[in-house]
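Here's a quick tour of a model you may want to open in your viewer while you read. We'll start with the overall make-up, then look at helices, cores and a few backbone oddities.

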Amino acid sequence: MTDGLRTFDGGVAIVTGAASGIGRAISEALAQRGCQVVLADIDLGDAEAAAAQIREKGGRASARHLDVCDFAAVSELVTETMERLGRLDYIFNNAGIVIAGEVANYTIDAWQRIIAVNLGGVVNGVQAAYPAMIRQGFGHIVNTASMAGLVIARGVGYTATKYAVVGLSRALRVEAQVRGVRVSVICPGAIRTPILRGGKHGILLMPFPEDQQREMAARSAELSRPMDVSIFARKVLDQVARNRAIIVVPGWNKIFWWIERASPALAVFLMRMAFKPRRALPGPAHDRA
């Protein structure tokens, strides 16, 4: 048996959804702290570019194609990583998508897709890595949910899957701790990533042209003062190192969680205001970096 969990220097991590956004930033931050990172994503070209950039900066990284909806592929990646690198300290089950629009406009295919990626992808990552971590005697499973997994939020399909990820993570943490495996769940607030515009693989169902939907989503997100994703990743890893159960970043977003728990009626009222039918935002788009 190898030695115990390494935080983070000398460790090995798999990150799903690692080609962009939160997954890429976490991969970069892990590498900066001495972890060997496997960047897994359905977009292999982007994952390879991200891994190459990490290597150029002196980090250790490789890229693998992965559809998180395919359990056999996820299991194969875990097995291959452990055989090649001798251990698996972390798996960050991070891949996710959004649905833009109201349930009245959903299709059953949209429902099945978001459940398959956002919840099924986490389940597949857990089921592939957890038994292997038990056998080696250590490991840390880190699942990406959202503030939408702690409070009522716009986007019913997204909220439903993220609540499920939080529940899975909290329950598994209790079971896993007696087996020497850690489990944490990340609940990001607004973070400056492509998902603010719907993401590359998002499902856009609002009654507007796609470009307008993306612009509306981005302009709305700006009201929440999105955090730089690199800063976010560093803060997350600090809390992963401390084995926090629920990781809320930015920290001020905990206010909404406190409201949800202290006064559910107030939380519902606030979200009822937010759920007023959207109209196209007037005026030209703002330039963004």
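Helices (H or I, at least four residues) and strands (E, at least two) here are DSSP runs, numbered from the N terminus. On that count, the protein chain has nine helices and 11 strands. A word on the ground rules: this is a predicted model, where local features need pLDDT of at least 70, side-chain atom pairs count only at pLDDT 80 or more, and totals for chains, interfaces and linings use all residues. Residues are numbered from 1 along each chain as its sequence is written, and side-chain values use heavy atoms, with hydrogens and water left out.

How confident is the predictor? pLDDT is its confidence in each residue, from 0 to 100. The protein chain averages 88, and 83% of the residues score at least 70. The weak spot to flag is residues 278-289, where pLDDT stays under 50 and the model has 23 contacts beyond four places in sequence. Where pLDDT is low, the predicted coordinates should not be read in detail.

Contact means heavy atoms within 4.5 Å. Of the contacts in the protein chain with a separation of 6 or more, 71% are between residues 24 or more positions apart. As for burial, buried means under 20% relative accessible area, exposed over 50%, and partly exposed in between (1.4 Å probe, protein chains only). Buried residues make up 50% of the 289 residues in the protein chain.

**Two helices**

The expected span of a helix is 1.5 Å times one less than its number of residues. The arc quoted below is that of the directions from the helix axis to the C-beta atoms.

Take α3 (residues 71-85): its 15 residues should span 21 Å, and its end C-alpha atoms are 21 Å apart, which agrees. Its buried residues are V74, L77, V78, T81 and M82. They cover an arc of only 120° around the axis, so they sit on the same side of α3. An α-helix has 3.6 residues a turn, so residues three or four places apart point the same way. The face turned away from the buried side carries the exposed residues A72, E76 and E83. What covers the buried residues includes β1 (12-16), β2 (36-41), β3 (60-65), β4 (90-93) and α4 (108-136). D70 caps the N-terminal end of α3, with a side-chain oxygen 3.1 Å from the backbone nitrogen of A72.

Now for α2 (residues 44-56). Its 13 residues should span 18 Å, and the end C-alpha atoms are 18 Å apart, which agrees. The buried residues of α2 are A47, A50, A51 and I54. Seen down the axis, they fall within an arc of 95°, so they line one face of the helix. They pack against α1 (21-32), β2 and β3. E48, also in α2, counts as partly exposed because its relative accessibility is 41%.

**Cores**

A nonpolar core is a set of buried Ala, Val, Leu, Ile, Met, Phe, Trp, Tyr and Cys residues joined through side-chain atoms within 4.5 Å. Which members of the largest core touch the most other members? Of its 46 residues, they are V78, L88, I141, L150 and C187. At least two residues of this core come from each of β1, β2, α3, α4, α5 (156-177), β7 (181-188) and β11 (246-249). α4 gives the most, with 10 residues. A second, separate core of 34 residues includes F8, A29, L30 and I247.

**A buried polar pair**

N143 lies in strand β6 (residues 139-144) and counts as buried at 0% relative accessibility. Not counting residues up to four places away in sequence, N143 touches, among others, N93, V122, L168 and S169. S169 is in α5 and is buried too, at 3% relative accessibility. With the same neighbours left aside, S169 is in contact with N143, V183, S184 and V185.

**Backbone oddities**

Most residues other than glycine have a negative phi, and most peptide bonds are trans. These spots are worth a look:

| Site | Feature | Value |
|---|---|---|
| T7 to F8 | cis peptide bond | omega near -10° |
| V249 to P250 | cis peptide bond | omega near -5° |
| N243 | positive phi | near 60° |
| G58, just after α2 | positive phi | about 95° |
| G86, following α3 | positive phi | near 85° |

F8 is found in the segment before β1, while P250 is in the loop between β11 and α8 (254-262). N243 lies in the loop between α7 (229-241) and β11.

Definitions and conventions:
A polar contact is a pair of N or O atoms within 3.5 Å; within protein, one must be able to donate a hydrogen and the other to accept it, and residues adjacent in sequence count only if both atoms are side-chain atoms. pLDDT is the predictor's confidence in each residue, from 0 to 100.
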